[in-house]
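Me: Could you take a close look at a single part of this structure for me? I would like to know how it sits in its surroundings, and then how the rest of the chain is put together.

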Amino acid sequence: MSITYKTRTQLVVETIREKILSGEIKAGQPLRQAALATELNVSRIPIREALLQLEAEGLVAFEAHKGATATELNVSRVDELFELRALLESDLLASSIPNLTDEKLEEASNLLHQLDRALGTENAANKWSELNSSYHNCLYSASNKPQTLELVNTLNKNADRYIRMHLLWAGGISKAESEHNEILTHCKNKDIESAIAVLKKHILGSKDEIRSFLIDRELANA
C-alpha cells in the first residue's frame with residue numbers, strides 16, 4: 001500500500017472546502033486570511049494558495065473591498081443548469097455521432113484512460129473535471145454546431161463547482177466512469193439512441209445526487 005503525502009496547501013484546501021460544503025462556513029461569509037492562518041496554524045501563504053484553488057472550484061469568490069467569501073450553492077440553480085445541459089448535450093451528441101472519425105474515437109478513449117489515471121493524484125477533482133470536459137467536447141466535436149457547443153461550455157463553467165462537489169462528495173467519479181465507457185461504446189457502434197439515453201442518465205443522475213446533497217445540507221444546518 002502506497003503512502004500519499006500531501007502538501008500544507010492541499011491540507012488547507014481540503015479543510016476549508018469541507019467547511020464550505022458542510023455549511024460550517026456559510027454562503028457570503030468572509031474568509032479572513034489572518035484568522036484562517038491562526039486557526040489552521042499555518043502562514044498566510046498556503047491560505048492564499050488554497051483560496052485561489054477554491055476560487056477555481058467555484059467555492060470561493062474574490063470581491064473588491066471585501067476579499068474572499070464563500071459562494072452560495074443553490075438547489076434551483078442546479079436543476080436549471082443540469083436540465084439545460086441534458087437537452088443541449090444530447091442534441092450535440094446526436095449530431096456528432098454520425099461524423100465521428102476513428103481518430104476522434106481513439107482520442108476519446110485515450111482521455112478515458114487519462115481520467116482513470118487522474119484518480120488518487122494531487123488535485124484529483126480538478127484534473128478529473130478538466131479531463132471530463134475534454135472527453136465530452138471530443139464526442140461533440142463533429143456536431144458542426146459551434147454556437148450550441150459554446151453555450152454548453154458556458155453552462156459547464158457555471159456548473160463546474162457542482163460537478164466537482166459531486167466528484168468529491170457523492171461518489172460521482174465511480175458512477176461517471178462506467179457511464180463514460182457506455183457512451184463511448186454506443187458512439188463506436190453509431191447507436192445514437194442508446195448513447196443519448198446514457199448521456200441523459202449521466203447528467204440528470206448527477207443533478208439528482210447533487211440536489212439531494214444540498215437539501216440534506218440545508219436541513220442539517222437549519
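Reply: Happy to. N189 counts as exposed, at 54% relative accessibility; here exposed means over 50% relative accessible area, buried under 20%, and partly exposed in between, with a 1.4 Å probe and protein chains only. Please keep in mind that this is a predicted model, in which local features need pLDDT of at least 70, side-chain atom pairs count only at pLDDT 80 or more, and totals for chains, interfaces and linings use all residues. Residues are numbered from 1 along each chain as its sequence is written, and side-chain values use heavy atoms, with hydrogens and water left out.

N189 belongs to the loop between α8 and α9 (helices are DSSP runs of H or I with at least four residues, strands are runs of E with at least two, both numbered from the N terminus). Its C-alpha atom is 9.3 Å from that of I97, although their positions lie 92 residues apart in the numbering along the chain.

K190 sits in the loop between α8 (172-188) and α9 (192-220) as well. K190 is not a glycine, yet its phi is positive, about 60°. With a relative accessible area of 38%, K190 is partly exposed.

A second non-glycine residue to look at is N41, which also has a positive phi of about 60°. You will find N41 in the loop between α2 (33-40) and α3 (44-56). N41 is exposed, with a relative accessible area of 69%.

A positive phi turns up in the hairpin too: H65, in the turn, has one of about 65°, and 3 residues separate β1 from β2. The two strands, β1 (residues 60-63) and β2 (residues 67-70), run antiparallel and are joined by 4 bridges; pairing requires that DSSP finds at least two bridges. Across this pair, E63 of the hairpin faces G67 in β2.

Now for the whole chain. It holds 9 helices and 2 strands, and from the N terminus on the order is α-α-α-β-β-α-α-α-α-α-α. Of its 222 residues, 45% are buried. Among contacts (heavy atoms within 4.5 Å) with a separation of 6 or more, 76% link residues 24 or more positions apart. About 11600 Å² of the chain is exposed, and carbon and sulfur atoms supply 50% of that area, as computed by the Shrake-Rupley method with a 1.4 Å probe, where for residues only the protein chains shown count as cover.
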